[in-house]
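Let's walk through this fold together, one question at a time. Have a look at the model first.

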Amino acid sequence: MKVTSAEFVISSPGIKLCPEGQEYPEIGFAGRSNVGKSSLINKLVNRKNLARTSKTPGRTQLLNYFLINRAFYIVDFPGYGYAKVPQSVRAGWGKMIEGYLKNRKELSGVVLLLDIRHKPTAQDVQMFDWLQHYEIPTLLVATKADKLSRSQQIKQEKVIRTALGREQEKILLFSSLTGQGKDELLSLLEEIVQP
Ligand code: GDP
């Protein structure tokens, strides 16, 4: 798939205010603050600054909708796991995301981003478990692949699979710096939105 257009549409505080009346399938992008989610989305759609990193990560609890090729939405989830976020905001995040995953009919799949250098956190595992529970097609993407050697990458892929309890799961390696994984990820997104 070639990305020919990408437009910001709306920031929604929850499922009740998501776009209505359209037929566009949605693909969610989830991950910890700082995992490289904005960089990955910008790289995918060939834009420098479409998806933006918030200056105070984790405080804006919004679903950001980007319409791609006038055919499907990328839905950028709020990053999780930022240490300074108050417990009340964290609880609100969980409720909002779970409500969306559970009830949003247009949701066709989720890309879960994990930093290749780190063992998945409890929140990463919880997100993965929710996706399994609600039977949402999920792509695992390891970000910042350029930061590790090939042998370290292989080691970390195993660490990630073990933490998620999925020894056979495919993990796509991605680098926003080099573009590694970009074409493959776009093909996988195409399969999700045009089954
Ligand atoms: P977000 O909070 O998940 O949206 O993360 P950002 O996209 O803002 O990235 C967080 C930091 O990681 C920034 O300093 C980026 O420059 C850096 N970063 C993101 N992706 C990559 C990557 O693929 N390779 C390298 N080396 N750095 C990256």
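Two strands count as paired if DSSP finds at least two bridges between them. Keep in mind that the model is predicted.

Q: How do strands β3 and β4 run relative to each other, parallel or antiparallel?
A: Strand β3 covers residues 63-68, and five bridges join it to β4. Within this pair, N64 stands opposite D76. The two strands run antiparallel.

Q: Which residue in the hairpin of β3 and β4 takes a positive phi?
A: Three residues lie between the strands of this hairpin. One residue there has a positive phi near 55°, and that is N69.

Q: What is the bridge partner of I27 in β4?
A: Strand β2 (residues 26-30) is joined to β4 by four bridges, and the two run parallel. The residue of β4 that pairs with I27 is I74.

Q: Why is strand β4 described as largely enclosed by the rest of the structure?
A: Look at its two faces: F72, I74 and D76 are buried on one side, and Y73 and V75 are buried on the other. Strand β4 (residues 72-76) is largely enclosed because the number of its five residues that are buried is five.

Q: Which strand gives the most to the largest nonpolar core?
A: This core has 42 residues, and those touching the most other members are F29, I74, V111, L112, L113, V141 and A142. Six residues of the core come from the strand that gives the most, β5 (residues 107-115).

Q: Which residues does I74 touch, not counting those up to four places away in sequence?
A: I74 is among the core residues that touch the most other members. Leaving out its sequence neighbours up to four places away, I74 touches I27, F29, I41, F66 and I68.

Q: Is S38 buried or exposed?
A: S38 belongs to helix α1 (residues 37-44). A residue is buried if 20 or more other C-beta atoms lie within 10 Å of its own. S38 has 20 such atoms, so it is buried.

Q: What span should helix α4 have at 1.5 Å a residue?
A: Helix α4 (residues 150-164) has 15 residues, and its end C-alpha atoms are 21 Å apart. That agrees with the expected span, which is 21 Å.

Q: What arc around the axis do the buried residues Q156, I160 and L164 cover?
A: In α4, Q156, I160 and L164 are buried. They sit on the same side of α4 because their arc around the axis is only 70°.

Q: Which residues are exposed on the other side of α4?
A: The buried residues of α4 are covered by elements including β5, α3, β6 and β7. On the other side of α4, the exposed residues are S151, I154, K155, K158 and T162.

Methods
Residues are numbered from 1 along each chain as its sequence is written. This is a predicted model: local features need pLDDT of at least 70, side-chain atom pairs count only at pLDDT 80 or more; totals for chains, interfaces and linings use all residues. A nonpolar core is a set of buried Ala, Val, Leu, Ile, Met, Phe, Trp, Tyr and Cys residues joined through C-beta atoms within 7 Å. A residue is buried if 20 or more other C-beta atoms lie within 10 Å of its own, exposed if 12 or fewer, and partly exposed in between; C-beta atoms are placed from the backbone. Two residues are in contact if their C-beta atoms, placed from the backbone, lie within 7 Å. The expected span of a helix is 1.5 Å times one less than its number of residues. The arc is that of the directions from the helix axis to the C-beta atoms.
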